[in-house]
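Colleague: I have a new model open and I would like to learn how to read it. Can we go through it feature by feature?

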Amino acid sequence: MSDISILESRITAALDRIRQGLDVPTGQTAADPALQAALEVERAQNAELIERVRVLKDRQDTQVAHLTARAESQSKQLMQLDAELQQLRASNVQLRDMNTKLRDAVTTGLAPELLDAAVTAEIEALSAQRTADAAEVDAILAELTPLIEETPHAAG
């Protein structure tokens, strides 16, 4: 009979241990508080790293969008400047042609319509030069404006 009481007490102890194991959530035992604390620390660090990555990605996306817009703006300005320069070149070619005709007319006899055409061509060339100069100044200002705006931020 004493063997039965010993076995009964052993079975009761085993059932108590099993019950304690079932009371703890799955995957944990009563002896895991250090592991649980380490897991919580790792989760907190992981959450912090995820937030840092999100902030860096947002910052990078903002900078990429800003640089893309700036590149597009500069591209448009360069295309406008190129168009103005092409117009200037065409006006200068026309001016040279008219001056050549004017010189020929002066040596053979002055024709008033050639003189008017030469003066008109010269005025158009000067106007095109002024427009090209204005476009070039606009391109330079567009390049310098971001640098000027960044200077106070860099100093402060």
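Modeller: Start with burial. Of the 156 residues of the chain, 12% count as buried. Keep in mind that this is a predicted model.

Colleague: What is the secondary structure of the chain?

Modeller: Count the helices and strands, then read their order. Here there are three helices and zero strands. Along the sequence the pattern is α-α-α.

Colleague: How much area does the chain expose, and what share do carbon and sulfur atoms supply?

Modeller: The chain exposes about 12,600 Å². Carbon and sulfur atoms supply 61% of that area.

Colleague: What share of the contacts with a separation of 6 or more comes from residues 24 or more positions apart?

Modeller: Here the idea is to look at distance along the sequence. Such residues account for 64% of those contacts.

Colleague: Now a single helix. How does the reach of α2 compare with the expected value?

Modeller: Take the span from the first C-alpha to the last, and set it against 1.5 Å a residue. Helix α2 has 76 residues and reaches 111 Å. That is close to the 112 Å expected.

Colleague: What follows α2?

Modeller: Gly109 does. Its phi is positive, near 140 degrees.

Colleague: Where do I look for a core?

Modeller: In soluble globular proteins, nonpolar side chains tend to be buried together. So look for such a group. In this model the largest nonpolar core has six residues: Leu95, Met98, Leu102, Ala118, Ala121 and Ala125. Helices α2 (33-108) and α3 (112-155) each supply at least two of them.

Colleague: Which residues of α2 are buried?

Modeller: They are Leu81, Glu84, Leu88, Ser91, Leu95, Met98, Leu102 and Ala105. Notice that Glu84 and Ser91 are in that list.

Colleague: Take Ser91. Why does Ser91 count as buried?

Modeller: Compare its relative accessible area with the cut-off. Buried means under 20%. Ser91 counts as buried because its relative accessibility is 9%. It lies in helix α2.

Colleague: Which residues does Ser91 touch, leaving out those up to four places away in sequence?

Modeller: Ser91 touches Glu124, Ala125 and Ala128. Ala125 is also one of the core residues.

Colleague: Can we do the same from α3?

Modeller: Try Ala135, which lies in helix α3. Its relative accessible area is 8%, so Ala135 is buried. Leave out residues up to four places away in sequence, and Ala135 touches Leu81 and Glu84. Both of those partners are buried residues of α2.

Colleague: How far apart are the C-alpha atoms of Ala135 and Leu85?

Modeller: They are separated by 9.3 Å. Along the chain, the two residues are 50 residues apart.

Colleague: Now the outside. Which residues make a nonpolar surface patch?

Modeller: Nonpolar side chains can also sit on the surface, as here. Ile140, Leu144, Leu147 and Ile148 make a patch of about 370 Å².

Colleague: Is Ile148 buried or exposed?

Modeller: Exposed means over 50%. Ile148 has a relative accessible area of 57%, so it is exposed. Its place is in helix α3.

Colleague: Next, charges. How many salt bridges does the structure hold?

Modeller: It holds five. To read one, find the pair, then the distance between the closest N and O atoms. Glu40 forms a salt bridge with Arg43, and those atoms are 3.2 Å apart. Both residues lie in helix α2, three residues apart, about one turn of the helix.

Colleague: Are Glu40 and Arg43 buried or exposed?

Modeller: They fall in between. Glu40 is partly exposed, at 39% relative accessible area. Arg43 is partly exposed too, at 48%.

Colleague: Which residues are linked in a network of salt bridges?

Modeller: Glu51, Arg54 and Asp58 are. Arg54 pairs with Glu51, with the closest N and O atoms 2.4 Å apart. Arg54 also pairs with Asp58, at 2.8 Å.

Colleague: Why is about one helical turn the separation in each pair?

Modeller: Count along helix α2. Arg54 and Glu51 are about one turn apart because they are three residues apart in that helix. Arg54 and Asp58 are four residues apart, so they too are separated by about one helical turn.

Colleague: And how accessible are the three?

Modeller: Arg54 is partly exposed, at 42%. Glu51 counts as partly exposed at 38%. Asp58 does so at 37%.

Conventions. Residues numbered from 1 in each chain as written. Predicted model: local features only at pLDDT ≥ 70, side-chain atom pairs only at ≥ 80, totals over all residues. Heavy atoms only, no water. Helix = DSSP H or I, 4+ residues; strand = E, 2+ residues; numbered from the N terminus. Buried < 20%, exposed > 50% of the residue type's maximum accessible area, 1.4 Å probe, protein only. Contact = heavy atoms within 4.5 Å. Areas by Shrake-Rupley, 256 points an atom, 1.4 Å probe, with all protein chains shown as cover. Core = buried A, V, L, I, M, F, W, Y, C linked by side-chain atoms within 4.5 Å. Expected span 1.5 Å × (residues − 1). Patch = residues over 30% accessible without salt bridge, like charges linked within 9 Å, V, L, I, M, F, W, Y side chains within 5 Å. Salt bridge = Lys/Arg side-chain N within 4 Å of Asp/Glu carboxyl O.
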